[in-house]
Every structure is written in structure tokens, then in C-alpha cells.
Amino acid sequence: MINKDTISALATPTGGAIAVIRLSGPKAIAITDKIFHSASGRPLSEAKANTLHYGEIISYPDFNNNLSSENGDGKASSDSKEGTPTTIDDVVVSVYRAPHSYTGEDCVEISCHGSAYIVQQILMALENNGSRQAEPGEYTRRAYLNGKMDLTQAEAVADLIASTSRAQHQMAISQLKGHVSSKLGELRKKLLKLTSLLELELDFSDHEELEFANRDELNNLAHEIDSHILHLAESFKTGNAMKNGIPVAIVGKTNVGKSTLLNALLHEERAIVSSIHGTTRDIIEDTTTINGVLFRFIDTAGLRKTDDTIERIGIDRALSAIDRSLVVLWVIDEEPSEEDIKAIKDKCENKHLIIILNKADIHKDLTRVSLIGSLKSALSTAPIVEISAKNGEGIKELEQTVYNSLSLAETNSSDVVISNARHYTILMRAHSHLASVIDKISLDIPADLLAEDLKLVIDDLASITGQDRIESQETLNFIFKNFCIGK
């Protein structure tokens, strides 16, 4: 249910030069009118929508004003203002009228100076005149309940605020603009067609000569919908990684320069560097941005046989880091054994492996050519980058190789990428229910049983956006529009 209270809260972070206080609700304009003196002398109740007004926020000794003292026309009565007023701040007030506002309600935004005292005094004055403090997320909740956005767009608001890279920002903007909703809307139309075919088969089951739900057509349509659902679900792996930082594990034997490489990639001394073998005994990770995408680099303990219990734990964590990563940087400074190549190949079977040939500053002989040739032969799909982590040689090329390994540059800006775990879980559930529909189609199960599983798919997708499931009336409208019944 939509709460009819008028709410107010600070809409900007504290500590800035300017602060914005937002009111939303049926009495937002009237409440602001009680504490605002416009330089024009005209009340906000007479203001047009989407207009700005300069003036003062004033405070009266008696704060016991309330909306019961309003005139019938919604304007505050001057009789309710007692004592000599004092100015709290010079402000600019923005007026938005329903339904053309963020929440779909009457809204007012007060732009004042960012002083904590000023903000506190204005909020206190607003609350004493009839508003209440907004609950966390209440403005966006009202926007959803008033039909200004669906659930996917509401969730995108938090992602947009939290974005720290260009890729995160683009994904949040795409979702906020309704691209995810639009894609799900296309699937909804296909599901509506599938539902309609089944309904026709049920309604005309006593006419054996009529066949609306041809099983081949049903099967093809169900497979097409399932393919789209799986494509969206599979994008979550990349979308979630881009949202939280794409994990990149730096692995290799001890003393090959993994920690030096981490420092070079982060452009700061993040990890301890030492010539002593086994210095890194735990996971060290930090993030940096490459071409607008956030990457999370993970420095791991050197891989070697050891009897040291603590170092062994670090090595186990290094292997675990490989499992959690999308990209693996295998750092070597000499020709690896066949056993090492097989181990890294098996461990990185489903990863984007990049071979880092380190210490180019001290290894510039012809044996490197032979080494590169043997590595390309053994690991043909893995790019090889020669670097010197110590002096920074080849680091720019490596960064571009890491970025290119995920084909991020080829991603179309119009592609829908799922980055929300809730959406992924629901999509996989819908896939499971649709797989049941496909199985029953192949087994020639009656239409009424097919329809039950199909309703589960429809409900799953509807729960992502918060949209209502397909109702019988909508199905009937589709049937009469597309199947010419009764002509």
C-alpha cells in the first residue's frame, strides 16, 4: 500500500557545499510554503510545475504550526505564524507536481548550503509543520508503487549510486533505462503466444478437426524462449564480475615476481617484495581500473612443494583463488616443466589464461625465443606477454591484454547484461520450469498440464520486474486479436 504521509529527507551526502532536501507527498508544497518566503512574494501553491524559486527558509519561535491551520485552498494561514521570524538560509526551491516527479507524487527539493546545522534546522522545521522523516529507500519504493519504475529499475538506482567505474555505471544506466525490463517484455509476449495456443487447444478440445497448438510449433517456441532466458542468465557471470571487480589471479612459483607485478599493476607498493622464497603466504588483493572496467588483482603464495604448514595454507588459498577468477596470470621467469604446464592447463581449463614472461630486463638472450615457441606449442590459446615488473616494461601491453581477454570491447552497448544475483536466480528457476514444459511437449502431455508449468515460468519472469502475471483477460485479448475467432 502507498503511504499518504508527506516525507522529507536529505537527498545528498553530508559535508558538501550544497545540500538538497527532498519532500514528497500530497502536502509537500503546502508544508514548504509554511517555512519558505519567496523573493517574488508569491506562494509555492501557485507555482507551476518544474519551476525554480529563490527565497528564504524562515524559522518562527513557535514551531507548533500544523496543516490544520491551512485554508481551504491549501495555502498556509498567516495566523499560524507567530513571533518574529529568523532566516535559516537563502535557498532555491524546485517544485514538481504529480505525476511528473521521481516518486509520481507532488515533490519539492530545497537546495541550501551544506552546513549540518542548516540542514538540521530545515528538516526540523519541515517535520514540525507536518512532514515525517523518510525511511531508507522510501522515495524509490514510492516511485515503484506509483508505477514510475519497475523492480529492476528500482534496484538499478542503488547500483548507479555505488558505481565506481565506467562499466558499472553503464550497466546501471542500462538497467535504469529499462533495457532489462524491455528484454523481459519481449519474452512475455512470446510466453503470451504460447499460453494462447494452449488455451485454444483447451477451449476447442471437443473439435478434433481443429488444431491450434501444433506440437512442433509449441516445441520451437518453447526452445526459442528458453534460449533467450539462458543467454540472459549466462551474462550474469560477466555482469557480476564487472559489478564487483573482475577477479584476476596472479600465480606462479616462488620468487618469479608476482608481488612486484601486483605493485606495478596497482601503481603502488601494495605487497611486500623480497628475494626470500615464500615471502607471500596469504592472499593479497586490490582493485584498479583498466579502460573503464574495474579489475580485482589477487596476489597469491608461490606454488611449490613445502613442509611449512603456514605456507601450505597460503598455497591452498592460491589454488582456491584460481577457481574464483575469470582471468589467470601465470608468471614465469624460466622454462616450466611439462608437469607445471599440464597442471596450469588443467587448473585453468575454463579460465582466460595469460602467460607472463617476467624479468625481461635481465633475460634478453636467444633462449627466450625458444621458450616462447615451446609455450605457444603447449598452450596455443594463451597469449604471452613479456614484461619487467621491476621497471614497468610491458605493463601497458599486459593491461590491454587482460582487458582484451574478456572481449569487453566487443560488447555492444545495447546488449543486456545481468548483474543482479536475484535476477540470475529467478532466470535459472524459469529455465528449469521451461525445461519441464519442453519435456512434456515431447511426451505429448495434455495441454492443461503444460499450462500449469508454463504459468510457473510466467510468474518467475514477472517477479523480476514486479509485473503482474498474464491474466486470463490478457490471454483472451491476444486470442481475439491474432486468431480471428468467430469470423
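**Exercise 1. Find which residue of S10 stands opposite Ile250, and place the pair in its sheet.**

Step 1. Ile250 stands opposite Asp299 in S10. The model is a predicted one, in which local features need pLDDT of at least 70 and side-chain atom pairs count only at pLDDT 80 or more, while totals for chains, interfaces and linings use all residues. Residues are numbered from 1 along each chain as its sequence is written, and side-chain values use heavy atoms, with hydrogens and water left out.

Step 2. Strand S8 (residues 246-252) and strand S10 (residues 293-299) run parallel and are joined by five bridges; two strands pair if DSSP finds at least two bridges between them. Strands (E, at least two residues) and helices (H or I, at least four) are DSSP runs, numbered from the N terminus.

Step 3. An open sheet of six strands, with mixed pairing, has the order S9-S10-S8-S11-S12-S13. Its edge strands are S9 (284-290) and S13 (384-386), each of which pairs on one side only.

**Exercise 2. Determine at what angle helix H8 packs against helix H12, and which residues meet.**

Step 1. Helix H8 (residues 258-266) and helix H12 (residues 395-405) pack at about 85°, with their axes 11 Å apart; axes are lines fitted to C-alpha atoms, for helices over the stretch in contact, and angles run from 0 to 180 degrees between N-to-C directions.

Step 2. That angle makes H8 roughly perpendicular to H12, a term that covers 65 to 115 degrees.

Step 3. Leu261, Ala264 and Leu265 in H8 meet Ile395, Leu398 and Glu399 in H12, where contact means heavy atoms within 4.5 Å.

**Exercise 3. Decide whether Asp159 is buried or exposed, and list what Asp159 touches.**

Step 1. Asp159 has its place in helix H4 (residues 151-162).

Step 2. Asp159 counts as buried because its relative accessibility is 17%, the limit for buried being under 20% relative accessible area (1.4 Å probe, protein chains only).

Step 3. Leaving aside residues up to four places away in sequence, Asp159 touches Ala172, Lys243 and Ser419. The side chains of Asp159 and Lys243 are joined by a polar contact of 3.3 Å; such a contact is a pair of N or O atoms within 3.5 Å, and within protein one must be able to donate a hydrogen and the other to accept it, while residues adjacent in sequence count only if both atoms are side-chain atoms.

Note on methods: Buried means under 20% relative accessible area, exposed over 50%, partly exposed in between (1.4 Å probe, protein chains only). Angles under 35 degrees count as roughly parallel, over 145 as roughly antiparallel, 65 to 115 as roughly perpendicular and the rest as oblique.
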